[in-house]
Amino acid sequence: MQLLTHRFALILSDDNFDEFEKWSRKKIEEYQLDRLRRLVAEVKKTNSLYNVKLKELDPDDISSIEALSEVPPTSKKDLISALSSEDLTSNEDQRIFFTTRGSTGETLVIPQNDEELDEYGWPAARGLWWSGLRRGMKIVTLPPAWHRLAASEAAAVGLIGAEQVIFWGSTSEKYVQNFLKAVRRTRAQFISITTPFLLTIFNRGGKRALEGVEKCITVGAPLSIPARKKICEESGLGEIFERAGTQEGAAMDECRFHDAHHIHEDVCLLEVVKMNDVSHAAAGEVGRLVVTAFVRRSVPTIRYLTGDLAVFFDEECRCGRKLKRVELLDREENIIVVDGKRILPYQVRQIMDRDEEYCARNFVMVRGKPDKLHVIVEGGGDLNRLRRLLKDELYVEVLVESTGSIPLRFGFRPVINFEDLNKVGF
Amino acid sequence: MPYFQTVTSEIIYHSSDMLNAAAKLLASTMMALGVRKGDIVHVCDLGSSPLLYLQSKWFVSGLEVGASEIVGYKIICSDATPERVHVFADAYRIMRPQMVIVNTAINGLVRKFLDDKESKIVVAGDFEEVGIDAQLIYSSRELCFLYKCESCNGFKPAEGSKITYMGDRVRIENPKSQRGDISGILLKAGEYCNC
């Protein structure tokens with residue numbers, strides 16, 4: 001039994017899942033234009049927020065997807081203030097509600113209907129296929145209620161005919177041993193987890209903890225090339241594929257070349273706008289990720305500012321797919337200003353990952369010292385050397401501390417406030 | 001076909017038939033607890049709990065229809081760990097669930113956001129680790145559900161489960177062959193419903 005509606009002809013070759021990924025750029029954009037016109041027509045009728053925002057946009061007059069860039073972006077605050085309980089609960093189609101993480105201070109409740117879960121299951125299957133998941137293989141998946149991505153993944157596993165394994169627990173340090181037992185006892189070839197959880201398994205799970213696992217799909221934060229290499233070599237894991245997606249509708253996966261994420265452009269349109277205004281960032285320039293989900297939903301996201309920082313790549317991928325590529329780097333709310341300079345956990349991670357001793361180590365940045373970058377790392381080592389490394393590359397004063405042998409309980413947040421230090425076990 | 005790890009780390013396999021039968025049992029349990037079509041239910045348990053994964057066909061490959069889809073209620077999903085409880089406060093400002101099913105580990109934390117008595121709170125958990133305040137208990141191994149009878153305060157199984165007594169042992173038999181000795185569950189939970 002499989003849930004998903006067939007949207008494109010399946011290819012199921014070694015390299016390709018479906019015909020969509022073989023389309024030309026022109027054909028992809030024609031498809032997107034058609035979906036955009038239908039989306040605009042629908043939301044202008046049904047949604048008061050977008051009826052105002054899209055006032056100047058007549059669906060019949062949209063001649064290219066570029067026309068969308070004239071529409072002012074939508075913030076989380078816009079959506080929350082426009083949403084009423086009635087909007088969320090009156091529609092009988094909306095059955096499952098996921099919450100965003102609340103990392104910006106406010107949580108958005110995202111309802112999902114069958115149509116949306118069905119639409120996102122298809123590209124999830126495409127991504128799993130690219131990573132090598134095939135019929136009969138076992139995959140330990142994320143806990144099902146964790147995120148829309150996890151629900152899409154269960155449907156995708158069913159479509160491919162692989163065998164889903166659900167471990168007991170959640171993606172936190174407390175459940176590392178449960179997770180590893182589930183992997184070993186089922187001899188799962190695949191695991192699909194969050195990047196922080198992978199790092200926690202790597203750092204706390206013991207030597208060769210992932211021996212026998214062929215592929216790991218991670219989501220939630222980027223992993224550098226040195227970190228991937230170290231994790232694979234020391235844990236026994238075969239290969240890491242990054243997946244990315246947001247509750248608000250972005251969906252992306254890496255192909256076998258691991259050179260940024262291909263966007264699943266059949267379900268979403270992604271843009272990267274500059275940090276200080278809403279014009280498009282050039283390829284290679286870090287900016288803010290904006291998503292338009294083509295899918296019909298009761299909380300539409302059109303030009304929605306996801307809060308992610310991203311960068312587009314304009315050269316064609318070696319795999320030959322014409323799907324655009326983007327790399328997600330970090331979250332806007334993680335920016336810490338030190339001595340007037342904006343610093344992200346992503347930058348600290350890159351520097352640490354180039355150092356053999358600190359590569360793939362768990363850490364958090366502490367917000368609270370305006371003149372000093374405050375970093376806490378898990379485990380010991382030459383902290384003074386790490387301080388110098390960070391200072392030399394980031395040009396700010398740095399304070400490095402260690403939790404010693406105590407694991408960081410940092411959940412999904414790479415930045416914490418000074419007054420919350422006790423919450424991470426420090 | 002899906003494999004599941006139980007709370008005691010055992011790996012078990014449930015066929016599609018078993019999952020579908022268990023989802024029906026969960027649906028009847030939810031109705032017995034007072035949930036109706038159109039209600040909003042917040043299930044605050046680990047994603048690996050059958051209370052959560054049997055709620056929707058979208059959560060487990062092989063499940064054709066989940067309990068929420070059988071009855072027609074809406075569910076708010078949360079991976080219920082103490083670190084994530086803070087997001088519930090925002091969610092409750094936007095939508096007020098008629099029922100909140102909460103595991104014992106975060107029961108106290110969740111109650112802080114639900115002090116206006118608009119939501120019925122049901123404390124739940126796997127019998128291996130549930131506390132004495134539980135009103136809904138399940139076995140992640142046998143996929144059985146028992147809920148507290150409001151009349152006698154004893155536990156009764158979901159409609160459709162068959163209970164048999166063999167001396168001092170109590171066995172439960174679910175449709176599609178999930179069988180198990182639930183003496184331990186009843187020992188922990190308290191008296192069996194005799195209404």
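**Exercise 1. Describe the surroundings of A:His374, beginning with its contacts, and decide whether the residue is buried or exposed.**

Solution. Step 1: setting aside neighbours within four places in sequence, A:His374 is in contact with A:Val364, A:Met365, A:Val366, A:Lys369, A:Leu399, A:Glu401 and A:Phe418. The model in which these contacts are found is a predicted one.

Step 2: A:His374 belongs to strand E17 of chain A, which covers residues 373-377.

Step 3: the side chains of A:His374 and A:Glu401 are joined by a polar contact of 2.6 Å.

Step 4: the relative accessible area of A:His374 is 2%. The cut-off for buried is under 20%, so A:His374 is buried.

**Exercise 2. Characterise the contact between chain B and chain A: how many residues does each chain give, and how much area is buried?**

Solution. Step 1: chain A contributes 53 residues to the contact and chain B contributes 49 residues.

Step 2: the two chains bury about 4200 Å² between them, and 60% of this area is on carbon and sulfur atoms.

Step 3: the count of salt bridges between chain B and chain A is 1. A:Asp114 and B:Lys57 form a salt bridge, with 3.2 Å between the closest N and O atoms.

Step 4: 14 residue pairs, both at pLDDT 80 or more, are in polar contact between the chains.

Step 5: on the side of chain B that touches chain A, the elements giving two or more residues are strand E1 (3-5), helix H2 (50-53), strand E4 (74-79) and helix H4 (86-94) of chain B. E4(B) gives the most, with 6 residues.

Step 6: sorted by class, this side of chain B has 11 charged, 14 polar and 24 nonpolar residues.

**Exercise 3. Find which strand of chain A pairs with E4(B), and place A:Thr99 in relation to both chains.**

Solution. Step 1: E4(B) pairs with strand E1 of chain A, residues 96-99, in the parallel sense over 2 bridges. The bridge partner of A:Phe97 in E4(B) is B:Ile76.

Step 2: strand E1 of chain A also holds A:Thr99. Residues up to four places away in sequence are not counted in what follows: A:Thr99 touches A:Thr107, A:Leu108, A:Val109 and A:Gln247 in chain A, and B:Ile76, B:Cys77, B:Arg84, B:Val87 and B:Ala91 in chain B.

Step 3: A:Thr99 has 4% relative accessibility and therefore counts as buried.

Step 4: A:His147 is 48 residues from A:Thr99 in sequence, while their C-alpha atoms are 7.9 Å apart.

**Exercise 4. State which way the residues of E3(A) point, and identify the strand that pairs with E3(A).**

Solution. Step 1: in strand E3 of chain A, residues 138-141, A:Lys138 and A:Val140 point one way. A:Ile139 and A:Thr141 point the other way, and all of these residues are buried.

Step 2: E3(A) pairs with strand E4 of chain A, residues 163-166, in the parallel sense over 4 bridges. Opposite A:Val140 stands A:Val165 of E4(A).

**Exercise 5. For A:Ala360 and A:Tyr395, give the sign of phi and decide whether each is buried or exposed.**

Solution. Step 1: most residues other than glycine have a negative phi.

Step 2: phi of A:Ala360 is positive, near 65 degrees. A:Tyr395 has a positive phi of about 60 degrees.

Step 3: A:Ala360 lies in the loop between helix H10 (345-353) and strand E16 (363-367) of chain A. A:Tyr395 lies in the loop between helix H11 (383-394) and strand E18 (398-402) of chain A.

Step 4: A:Ala360 has a relative accessible area of 0% and is buried. The cut-off for exposed is over 50%, so A:Tyr395, at 62%, counts as exposed.

Key. Residues are numbered from 1 along each chain as its sequence is written. Chains are lettered from A and ligands numbered from 1 in the order in which they are written. This is a predicted model: local features need pLDDT of at least 70, side-chain atom pairs count only at pLDDT 80 or more; totals for chains, interfaces and linings use all residues. Side-chain values use heavy atoms; hydrogens and water are left out. Contact means heavy atoms within 4.5 Å. Buried area is the accessible area (1.4 Å probe) that two parts lose on being put together, summed over both. A salt bridge is a side-chain nitrogen of Lys or Arg within 4 Å of a carboxyl oxygen of Asp or Glu. A polar contact is a pair of N or O atoms within 3.5 Å; within protein, one must be able to donate a hydrogen and the other to accept it, and residues adjacent in sequence count only if both atoms are side-chain atoms. Ala, Val, Leu, Ile, Met, Phe, Trp, Tyr, Cys and Pro count as nonpolar, Asp, Glu, Lys and Arg as charged, and the others, Gly among them, as polar. Two strands pair if DSSP finds at least two bridges between them. Buried means under 20% relative accessible area, exposed over 50%, partly exposed in between (1.4 Å probe, protein chains only).
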